[in-house]
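Thank you all for coming; I would like to walk you slowly through one structure this morning. Please have a look at it on the screen before I begin.

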Amino acid sequence: MGQQEKSLWQIVKGYFNALPDKEDEAETVRQISAGITFHGANLWVLVFAIFIASLGLNINSTAVIIGAMLISPLMGPIIGMGLAIGINDFELLKRSIKNYLVATVISVLTAAIYFTITPLNEAQSELLARTSPSLYDVLIALFGGAAGILALCTKGKGNVIPGVAIATALMPPLCTAGYGLAVGKMSFFFGAFYLFFINTVFIALSTFVGVRMLRFKHKEFIDARRLLAVRRYIVAIVILTMIPATYMTVQIIRRSVLSNNVNKFVKNEISFKGTQIISQSHDNEKKTLDVVAVGRPIDRATIIKVAAQLSRYHLEGYRLNVIQGYQSDSLLMQNKELATTV
């Protein structure tokens, strides 16, 4: 039985073993090192990509944003940082950090210039989506970075790198940060820049882990104490980066669960023949649930009976407010007038 389990493990391990597909190590390091520098043509490509991404965010075009992400060279210094830490190359790490900072500053300033001169200043949905990062963005960056370094270090690269560029979305958060600076909305700037920083940290972390798993040779002249200090910094940065994202994710999940419970309550408990529910809303701070009903009126006794079921849907402490009759007519008329005005 033990021999059978061992052979099964060997078969599974053989399927997932990436070492036989490993590209020439020196060539991989040379290729990644060459991609971290921003000057000349590479810098112009970055500027043009920022303008394209800013235009895409401005006109709310997903296709244009994807195009900008495909031509963006921002991934280079981030992967360079992960590689440098993985092989203990501190000269490469310094160059990667320097070029990363140059690329980041130029990207934000370019986006800020665009959003300062454009006549379209309204924040569209594509732009707003980059202002509230969560733990899911951490996972996207982590898995995207893992796919990226695996593709760079192995022979069968395929279309993985363009896919990673799209999935991790480095360019749009920087453009959104530039938008925040241009219109004076610091919440947009910090939210978007935090998303970019999440992508940076976890793409670099995935690269570091991938390099170690693929057994890249380390530089031997490194100072042991210096290496230990760098590793501690890495752990601290990873943990500090995850804390706000985890909090935001918990809040998102709570809001989603609450909305789900409200929908179930309205569907199961306020469903009467001749009565139609046309809208519902809840206020988490005031603990109120407003339901607008038209058609056959719901009597007060029934409303009290229905409200007693709130606890079954984890809505304890909420107050049910059923708007119907002349109240609903007034509300509908008011909404109609507002729509006509707009």
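Let me start with one pair of residues, V292, which stands opposite I323 in β3. From β2 the chain passes through helix α13, residues 300–307, on its way to β3, and this β-α-β crossover is right-handed, a term meaning that, with the strands pointing away from the viewer, the path from the first strand over the helix to the second runs clockwise. Helices (H or I, at least four residues) and strands (E, at least two) are DSSP runs here, numbered from the N terminus.

Before going further, I should say that this is a predicted model, in which local features need pLDDT of at least 70 and side-chain atom pairs count only at pLDDT 80 or more, while totals for chains, interfaces and linings use all residues. Residues are numbered from 1 along each chain as its sequence is written, and side-chain values use heavy atoms, with hydrogens and water left out.

Now to the sheet as a whole, which is open and mixed in its pairing, with three strands in the order β1-β2-β3; two strands count as paired if DSSP finds at least two bridges between them. At the edges are β1 (275–283) and β3 (319–323), each of which pairs on one side only.

How do β1 and β2 run relative to each other, parallel or antiparallel? They run antiparallel, joined by eight bridges, and along this pairing S281 stands opposite D290 in β2, while D283 stands opposite T288. Four residues lie between the strands of this hairpin, where K287 takes a positive phi near 60°. On the other side, β2 (residues 288–295) pairs with β3 in the parallel sense over five bridges, and there D290 has N321 as its bridge partner.

Finally, the interior. The largest nonpolar core has 64 residues, of which L74, L83, M171 and F216 touch the most other members; such a core is a set of buried Ala, Val, Leu, Ile, Met, Phe, Trp, Tyr and Cys residues joined through side-chain atoms within 4.5 Å, where buried means under 20% relative accessible area (1.4 Å probe, protein chains only). Helix α11, residues 186–213, gives this core its largest share, twelve residues. Apart from it lies another core, of 17 residues, including F265, I270, V291 and Y313.

Notes
Buried < 20%, exposed > 50% of the residue type's maximum accessible area, 1.4 Å probe, protein only.
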